[in-house]
Amino acid sequence: MSTSLKHDGDFPQLTIKHVVFSTKIPSLQEIAEIMLDGPAHSMLRKLGTVSGLTLASRMLGFVRDVVLAAVLGAGPGADSFMLAFRLPNHFRAIFAEGAFNAAFLPTWAAAEAKGEDSATLGAQVLGWLTLANLVLLAFALGATGWVLAALAPGLSAADPRWALTVVLTRITFPYLLCMSLVAFLSALLNSRDRFAAAAGAPILLNLSMICSLLLANQFPSAAHAAAWGVLISGVAQVALLAISTTRAGISISFPKIGFSPNTRLFFNRLGPAILTSGALQVAIFVDTIIATFLPEGSISHLYYADRLYQLPIGLVGVALGTVILPDIGRRAGQGDETGMRKVLDRALFICLVMGIPMAVLMATLGDWAMLILFARGAFGPTAAQSSAAILAAYALGLVPALAVRSLVAGFNGRGDTKTPFKCLIVATAANIGLKVALSPTLGAVGLALATSAGIALYTLLLFCTGLARGFLDRPPVMATAILVATGLISATVIVLTKDGILHYLLIVTPEWGLLFAFATISGAAVILHGVFALFALRFARAEN
């Protein structure tokens, strides 16, 4: 039997004979050869960096929420702060993060790859970015009442929270300028495959808010402490990224106002990217509106389910999209179509390998996860079951949710920000229509099902369009079948055996039985999926 490995710059190429007739579990050496060579190893290493720092930030975010709840509580001060923090965050989500990166990073990376004047592009984009933020900041500080009346119409000047909200908004709104500069510097670093500083910057927000809240007695109120913590963190994040950019050898020119050819190209790409981010915010806003008409507790159940649902999306989906965007942008500048296709193929395969077991565990063990993490005090077993049902509905769309950021990067990296927007409009319309249709009968579960259907449709439209344009290869049929079959089998086995395992462990260790049962089953499922993922990888390489 042949066991030779042939490298082609991607995963090692195995012969059909080796794939078909090898039935033994791969050795550690084979695993290393399959997974840790060449571009695949580079992608996984970058993904590990971004995911690890994102996980650290999420953990600190949980600590921050605990401290925030303990110090600020849930009274008028908390409402004022949440609103004051939400306003700059809405603008940041639309302009300073996804939209800016989608338009600027590929333009910058392609200009550098072609040897064009990237310094002028950077200086002019920074100039326009700074000018736009200063104008918006001046308006927000000078007409804060108008801004609040437009974006928070439920809060009037007669409301006792109004005065405090105005003051806190004036403290937190400059955070938008800081985050815009962070997005700019992050794009420069990411273009050189420097991901650590940008991925770790949000940690400073959590640390700053924790420290300011612990020193709340030094401020007029705990709400003031939280607001100043936000602003201080913005300045700290800008400083961190500026230092990292300098150490990476990237020169930052003084901001200029001008329109070089590449700057015009950036603005042509920015418009559709902003519309895409805006459409996502509209979908989130509609979700919130519909949830207010559901039975009491629905919004809370959605919140806790969403907390678990967003974790793998942040650790895998968003991180992977961040990692491959500059790579595709550079290759686009070089005209390397084959390389771009391989980058996207690898990313989608990683989403499939990691997404299926995560979806299985969310769907089958979500009730246990809710009980372990949140079932304390007023959040009892009934609430945990309600959130688990929502989480199971979210799980149906988890794999598409992980893959969508990579697919969007496949278009944005080539400078195409219009196609993702067109696909998103169709998917958003279907999403909202399903929410309206399903929520009256299924409640919050209907909202989650509609979300899964919407993201699945968005992913399918992007995938089919990319396939038609030659942006990616057809998925390996046998490898995909192995992964899907493993997921279905493991889900069935978990459903049929989980109660028996829990019953036994509760007898042996009453206090820790649930935790041990969760760890035992999830650990076994991960190992099972890992083994079959290696076999699927062999078939994937053989099919290609």
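These are my notebook entries on a predicted model, covering the whole chain, one cavity, one helix and one threonine.

**Entry 1. The chain.** I began with the secondary structure, and the protein chain comes to 20 helices and zero strands. I then looked up burial: of the 544 residues, 51% count as buried. For contacts, I took pairs of residues at least 6 apart in sequence; 82% of these contacts join residues at least 24 apart.

**Entry 2. The cavity.** I searched the whole structure for enclosed space. Rolling a probe the size of a water molecule over the atoms shows where empty space is left. The search returned one cavity of 30 Å³ or more. The largest cavity holds about 60 Å³ of space. Next I listed its lining: Trp108, Ser118, Ala119, Gly122, Ala123, Leu126, Phe184, Leu188, Ser251, Ile252 and Ser253. Two elements, α6 (118–142) and α9 (174–191), each give two or more residues to this lining. Which element gives the most to the lining? I found that α6 does, with five residues. Sorted by class, the lining has seven nonpolar residues, four polar ones and no charged ones.

**Entry 3. Thr245.** I located Thr245 in helix α11, which runs over residues 222–247. Is Thr245 buried or exposed? Its relative accessible area is 0%, so I noted Thr245 as buried, the cut-off being under 20%. I checked its side chain for a polar partner, and a polar atom there lies 2.7 Å from the backbone oxygen of Leu241. Leaving out residues up to four places away in sequence, I recorded that Thr245 touches Leu185, Leu188, Leu189, Ile250 and Ile252. I compared this with Entry 2: Leu188 and Ile252 are also among the residues that line the largest cavity.

**Entry 4. Helix α15.** I checked the length of helix α15, residues 381–395, against its residue count. At 1.5 Å a residue, its 15 residues should span 21 Å, and the end C-alpha atoms are 20 Å apart, so the two values agree. I then listed the buried residues of α15: Ala383, Ala384, Ser387, Ala388, Ile390, Leu391, Ala393, Tyr394 and Ala395. An α-helix has 3.6 residues a turn, so residues three or four places apart point the same way. With that spacing in mind I reread the list, which includes Ala384, Ser387 and Leu391. What covers the buried residues of α15? I noted that the cover includes α13 (298–334), α14 (337–374), α16 (398–412) and α18 (444–469).

Methods. Residues are numbered from 1 along each chain as its sequence is written. This is a predicted model: local features need pLDDT of at least 70, side-chain atom pairs count only at pLDDT 80 or more; totals for chains, interfaces and linings use all residues. Side-chain values use heavy atoms; hydrogens and water are left out. Helices (H or I, at least four residues) and strands (E, at least two) are DSSP runs, numbered from the N terminus. Buried means under 20% relative accessible area, exposed over 50%, partly exposed in between (1.4 Å probe, protein chains only). A polar contact is a pair of N or O atoms within 3.5 Å; within protein, one must be able to donate a hydrogen and the other to accept it, and residues adjacent in sequence count only if both atoms are side-chain atoms. Contact means heavy atoms within 4.5 Å. On a 1 Å grid over the protein atoms alone, a cavity is a set of points where a 1.4 Å probe fits but cannot get out, and a pocket is an open set with protein on both sides within 12 Å along at least five of seven lines; lining residues have an atom within 4 Å of a point. Grid points are joined across faces, edges and corners, and a volume is the space filled by probe spheres set on the points. Ala, Val, Leu, Ile, Met, Phe, Trp, Tyr, Cys and Pro count as nonpolar, Asp, Glu, Lys and Arg as charged, and the others, Gly among them, as polar. The expected span of a helix is 1.5 Å times one less than its number of residues.
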